[in-house]
Amino acid sequence: IRENLPPGTLVTTLRAVDADSGAFGELRYVVLEQVLGDPSTGDGRDAFAVNGSSGELRSRLTFDYERAKAFQLLVRATDAGNASATVTVRVLVTGEDEYDPIFLSPSFNFEVPEGARKGQSIGRVLATDEDEGIDGVVLYTLAKPSPYFAINQTTGSIYLRVDSQPQAGAGRAKREPREMSLEVQARSPLPASRVASAQVTIDVTHTSFGLAPD
């Protein structure tokens, strides 16, 4: 069952088979006990109810994946002659993407050092996500491709795609400060993931990035 669904949601229909015909073949279903899959998250005794005649198992609560991920129930089917059978039912709660990723800062500032080489990391962005499971995994991408920079999608490390290419014929003291901007996005691997963005400003004063060739 997915988290955040309303109470009364159908989980499954349990069905026992009795070879008797007539009244002795009619079964009644009852929940004997409910045991929470993770005891640290609280009591799940009233989490589910079974319809005595149809065997429909429905939720009695709205579930939160971040608090409880599994429940285990013991259900009994009894006929008119008091013969019975029991079955263990395990219900897994699945998560939804409830929370936006959050960058540790709305903006980041890095510098391309003089003489930096292709593949060298110049800085790292970081975002967190309060979702658990796959929805809480954070992957990083650049909103627009850059000829000079790329980002490691799992670590958030921004690295050079080319050598830093020092400016030709310009003394260090005479170089005009120059900056480039990137937009980094954070999201989970799922197609409908929530997305967050952060601005990255990179000092490229000591490179020829973005300059026309002499």
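# Close-up views of a predicted model

**View 1. The largest nonpolar core.** F103, V125 and F149 touch the most other members of the largest nonpolar core, which holds 26 residues. Several strands feed this core. At least two residues come from each of β8 (107-111), β11 (139-142), β12 (149-151), β13 (157-160), β14 (179-187) and β15. A second core is separate from this one and has 17 residues, including L14, L27, A68 and A77. The model shown here is predicted. Its mean pLDDT is 87 for the protein, and 90% of the residues reach 70 or more.

**View 2. The surroundings of F103.** Leave out residues up to four places away in sequence, and F103 still touches a long list. Among them are F108, V125, L126, A127 and Y140. F103 also touches V184, Q185 and A186. A196, S197 and A198 complete the list. V125 appears here as a contact of F103, and V125 is also one of the three residues that touch the most other core members.

**View 3. A four-strand open sheet.** The strands follow the order β8-β15-β14-β11, and the pairing is mixed. β8 and β11 each have a single partner strand and stand at the edges, so one side of each has no neighbour in the sheet. From one strand to the next, the twist averages 30 degrees. Strands of a sheet pair through backbone hydrogen bonds, in either a parallel or an antiparallel way.

**View 4. The two pairings of β15.** β8 and β15 run parallel and are joined by five bridges. Within this sheet, E111 has D203 of β15 as its bridge partner. β14 and β15 run antiparallel, with nine bridges between them. Here V184 has A198 of β15 as its bridge partner. Both V184 and A198 are also contacts of F103.

**View 5. T205, just past a strand.** T205 lies in the segment after β15 (195-203). T205 counts as buried because its relative accessibility is 7%, and buried means under 20%. The side chains of T205 and D203 make a polar contact at 2.6 Å. D203 is also the bridge partner of E111.

**View 6. A143 in its loop.** A143 sits in the loop between β11 and β12. Its relative accessibility is 33%, so A143 counts as partly exposed. A143 and L182 are 39 residues apart in sequence, yet their C-alpha atoms are 7.7 Å apart in space. A143 touches E183 and Q185, with residues up to four places away in sequence not counted. Q185 is a contact of F103 too.

**View 7. A three-strand open sheet.** The order is β1-β4-β3, and the pairing is antiparallel. β1 (10-13) and β3 (48-50) stand at the edges with a single partner strand each, so one side of each is left without a neighbour in the sheet. The twist from one strand to the next averages 20 degrees. β1 and strand β4 (residues 56-59) run antiparallel and are joined by three bridges. T12 has L57 of β4 as its bridge partner.

**View 8. A stretch to read with care.** Over residues 37-43, pLDDT stays under 50. For this stretch, the model has eight contacts beyond four places in sequence. Where pLDDT is low, the predicted coordinates should not be read in detail.

How values were computed. Residues are numbered from 1 along each chain as its sequence is written. This is a predicted model: local features need pLDDT of at least 70, side-chain atom pairs count only at pLDDT 80 or more; totals for chains, interfaces and linings use all residues. Side-chain values use heavy atoms; hydrogens and water are left out. pLDDT is the predictor's confidence in each residue, from 0 to 100. Contact means heavy atoms within 4.5 Å. Buried means under 20% relative accessible area, exposed over 50%, partly exposed in between (1.4 Å probe, protein chains only). A polar contact is a pair of N or O atoms within 3.5 Å; within protein, one must be able to donate a hydrogen and the other to accept it, and residues adjacent in sequence count only if both atoms are side-chain atoms. A nonpolar core is a set of buried Ala, Val, Leu, Ile, Met, Phe, Trp, Tyr and Cys residues joined through side-chain atoms within 4.5 Å. Two strands pair if DSSP finds at least two bridges between them. Axes are lines fitted to C-alpha atoms, for helices over the stretch in contact, and angles run from 0 to 180 degrees between N-to-C directions.
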